[in-house]
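Please look over the entry shown here before reading on. A short report accompanies it.

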Amino acid sequence: MNKMNSFGLNVSAIKQNNRSLILKLLRDKGPLSRKDMAVYSGLTPAAVTNIVNEMINQKLLKETGHVSGNGKPGRRRILVDIDKSQKFIIGINIGTKKIALGVSDMDMNLLDYEEIEISDREHPEKLLMSLGNRVLRMLWELNIVKENVIGAGVGIVGSVDPENGKSNFSYGIWNESVNIREILQKQLGVRVVVENNVRALAISEFNLRRYSNVNNLIFVKHGPGLGSAVIVNRHLFYGSTNNAGEIGHMVIEKDGPVCRCGQKGCLEALISTDKIISEVSKKFGKDETPWLFSNRTLDDLKFEDIIQAYEKSDMGVQAVVEKVLDYLVLGITNVMKIFDPEKVILYGIMFKSDKVMKSLLKKIEELTSNTKASSKVEISNLDSKNKVIGGLSLVLERLFYEREAIFNKNNI
Ligand SMILES: [Zn+2]
């Protein structure tokens, strides 16, 4: 998303680029001596020394010790690394049913975490203010001052304009365009980045795995909704209105069930966890779902239970899940045809089941008559219990390592 060109660069942008260069070098190869940083980055030793000293003063970097230069006496060099002990990150995820918030250290280890149910549809500003208050309380309880917070990353479902920090469409969390960044920045007093929740997860996945030879990737998240993010040439692909990759709203069945987006027959409407629970509920009984019937109650049926029943081969569940996988495979393979990615990463409880994955990969092979297609599909290794991981990664990537000018328009 970096829209700067060589004519638009100013001194502070150049300085930011250089800082970003050093931080990324240290992330990937650190700790390093100032001399090595100059060699790797192509910056002059004087420029490196300036940037490094400045960032040491800001407690972003620290000196970690010495190495002796090739065993030659008198050539000891001081090593520098990112100081992960002084700064903190705020992560927020706004889903249709729950909001998750957490504070972590620079390694994304959570220091505090909370999930709140969204009960009544509140006025957006009121909802965000009460969310902000909880974050401020968390920081206060952890004894963290704002000066030591790198920023807050917000992942939210639906259509997001990351450049302006706005949620434009959120499947009913609110019914208008909301400038999340403006409201939260004012309240928290720290910089805020906003992104679609699935794109935030894709950033997390891409950066945590440190892919070196993967340039194109599709990340698919299955849950109460179905979303995807597309990475093309190592950058998120947004499309003309920030809505690229909406795999969940591809129409798969003409005149199919009505989706929460208003269309009929969307992939999401056919395979969301809510849809699966509702379809299995219709079959619930000792004949079609004997394992579920003797181990669970219909009123309290959870998606995890259904996946367990699928593994135990409950006939009724089997039929529902296989049909869901058929639809999902149609969606995934169609998107693969368009973008021709090196990898497709799947995120969601369902994919943790070996039996689900086996069936899904087989269906991809059958549909594409190609074993190579299924070999590209992998399960995400992000911690699915930590719902703010996307938001935390956003802060690291966009406010710490990258500091792209495009996200700095509304500096506070
Ligand atoms: Zn839809």
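The report below goes from the overall fold to the metal site, the salt bridges and two single residues.

**Basis of the model**

This is a predicted model, in which local features need a pLDDT of at least 70 and side-chain atom pairs count only at pLDDT 80 or more, while totals for chains, interfaces and linings use all residues. Residues are numbered from 1 along each chain as its sequence is written, and side-chain values use heavy atoms, with hydrogens and water left out.

**Confidence**

The average pLDDT (the predictor's confidence in each residue, from 0 to 100) is 89 for the protein, and 93% of the residues score at least 70. Residues 1–8 have a pLDDT below 50, and this stretch has twelve contacts in the model beyond near neighbours in sequence; a contact means heavy atoms within 4.5 Å. Residues 404–412 also have a pLDDT below 50, with 23 contacts beyond near neighbours in sequence. Where pLDDT is low, the predicted coordinates should not be read in detail.

**Overall fold**

The protein has 14 helices and 16 strands. Helices (H or I, at least four residues) and strands (E, at least two) are DSSP runs, numbered from the N terminus. The C-alpha trace spans about 80 × 50 × 45 Å along its principal axes. With 412 residues, a compact globule would have a radius of gyration near 22 Å, and the 24 Å of the protein agrees with that. This radius is taken over C-alpha atoms, and the globule rule is 2.2 Å times the number of residues to the power 0.38.

Of the 412 residues, 51% count as buried. Buried means under 20% relative accessible area, exposed over 50%, and partly exposed in between (1.4 Å probe, protein chains only). Among the contacts with a separation of 6 or more, 61% come from residues 24 or more positions apart.

**The zinc site**

Which residues coordinate the zinc ion? The donors are His249 (ND1), Cys259 (SG), Cys261 (SG) and Cys266 (SG), at 2.0 to 2.3 Å. Donors are N, O and S atoms within 2.8 Å of the metal (3.2 Å for Na, K and Ca); water is not among the atoms, so sites may look incomplete. Along the chain the zinc donors follow the spacing H-x9-C-x1-C-x4-C.

The arrangement is tetrahedral because the four donor atoms subtend angles of 105 to 120° around the zinc ion. Four donors count as tetrahedral if all angles lie between 85 and 135 degrees. Ideal angles at a metal are 109.5 degrees for four tetrahedral donors. Cysteine 259 is buried at 6% relative accessibility, and cysteine 266 is buried at 0%.

**Salt bridges**

Side chains of opposite charge can pair when their charged atoms come close. A salt bridge is a side-chain nitrogen of Lys or Arg within 4 Å of a carboxyl oxygen of Asp or Glu. The whole structure holds 25 salt bridges, including the three in this table.

| Pair | Closest N to O |
|---|---|
| Lysine 275 and glutamate 279 | 3.3 Å |
| Glutamate 279 and lysine 282 | 2.9 Å |
| Glutamate 322 and lysine 363 | 2.9 Å |

The glutamate 322 and lysine 363 pair links distant parts of the chain, 41 residues apart: glutamate 322 is in helix α11 (residues 315–339) and lysine 363 in helix α12 (residues 354–368). Lysine 363 is buried, with a relative accessible area of 13%. Elsewhere, salt bridges that share partners join Lys15, Arg19 and Glu54 into one network.

Lysine 275 and glutamate 279 are four residues apart in helix α8 (residues 273–283), which means that about one helical turn separates them. Glutamate 279 and lysine 282 are three residues apart in helix α8, again about one helical turn. Lysine 275 is partly exposed at 23%, glutamate 279 is partly exposed at 22%, and lysine 282 is exposed at 62%.

**Two single residues**

Is glutamate 205 buried or exposed? Glutamate 205 counts as buried, at 0% relative accessibility. Its place is in helix α6 (residues 197–208). Not counting residues up to four places away in sequence, glutamate 205 touches Tyr211, Phe219, Ile345, Ser380, Asn381 and Leu382.

Arginine 191 lies in the loop between α5 (180–188) and β11 (192–196) and counts as buried at 15% relative accessibility. The C-alpha atoms of arginine 191 and asparagine 57 are separated by 20 Å, and the two residues are 134 residues apart along the chain.

Notes:
Tetrahedral: all angles 85-135°; square planar, octahedral: opposite > 155°, others 65-115°.
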